[in-house]
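Me: I would like to learn how to read a few features of a structure like this one. Please take them one at a time.

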Amino acid sequence: ERPRISTSTLDLASLRELPEGTFGKEYVRFLDVNRVTPDSRMPVKFVDDEELAYVIQRYREVHDFMHTLLGMPTNILAIINDETTKLCQFSISWIEMAAKTDGLKVPFAGCKGMNNEKQ
């Protein structure tokens, strides 16, 4: 099974009716404020491996969840912070490269306190 996050799998109107402070309510608020939908992300292209294409697509689909959960805006500093968090948690090499490159533009706090062996 490969679940998807899209306007056909989520009832955004019902999410808007949830109580304040719930993830669903905050998620749909994030979407509304930023004028995006779960369908705003482009589908994965140029990846021949079906499983890898799904993982990349799913990664794109949950991107806005991270913004919502961490209360992050959509500016460059927040994106760098998001990528650095992923580096510290998952040690994903392409994220490390992106974080280090973009990290030249802003102070880099590193992975302290992230419960990671690389500290």
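Me: Is Arg35 buried or exposed?

Reply: The model is predicted. A residue counts as exposed when its relative accessible area is over 50%. Arg35 has a relative accessible area of 78%, so Arg35 is exposed. Arg35 belongs to the loop between helix 2 (23-33) and helix 3.

Me: What is the phi of Arg35?

Reply: Phi of Arg35 is near 55°, which is a positive value in a residue other than glycine.

Me: Which loop holds Phe46, and what is its phi?

Reply: Phe46 sits in the loop between helix 2 and helix 3. Its phi is positive, about 65°, although Phe46 is not a glycine.

Me: Is Phe46 buried or exposed?

Reply: The cut-off for exposed is over 50%. Phe46 has a relative accessible area of 83%, so Phe46 is exposed.

Me: Now to the interior. How many cavities of 30 Å³ or more does the structure hold?

Reply: A cavity is a space where a 1.4 Å probe fits but cannot get out. The structure holds one cavity of 30 Å³ or more. The space in the largest cavity is about 30 Å³.

Me: Which residues line the largest cavity?

Reply: The lining consists of Tyr27, Thr37, Pro38, Arg41, Arg60, Glu61 and Asp64. Helix 3 (residues 50-70) gives the most to this lining, with three residues.

Me: What is the make-up of the lining of the largest cavity by class?

Reply: Four residues of the lining are charged, two are nonpolar and one is polar.

Notes: Residues numbered from 1 in each chain as written. Predicted model: local features only at pLDDT ≥ 70, side-chain atom pairs only at ≥ 80, totals over all residues. Heavy atoms only, no water. 1 Å grid on protein atoms, 1.4 Å probe; cavity = no way out; pocket = protein on both sides within 12 Å on 5 of 7 lines; lining within 4 Å. Points joined across faces, edges and corners; volume = space filled by probe spheres on them. Helix = DSSP H or I, 4+ residues; strand = E, 2+ residues; numbered from the N terminus. Nonpolar A, V, L, I, M, F, W, Y, C, P; charged D, E, K, R; others polar. Buried < 20%, exposed > 50% of the residue type's maximum accessible area, 1.4 Å probe, protein only.
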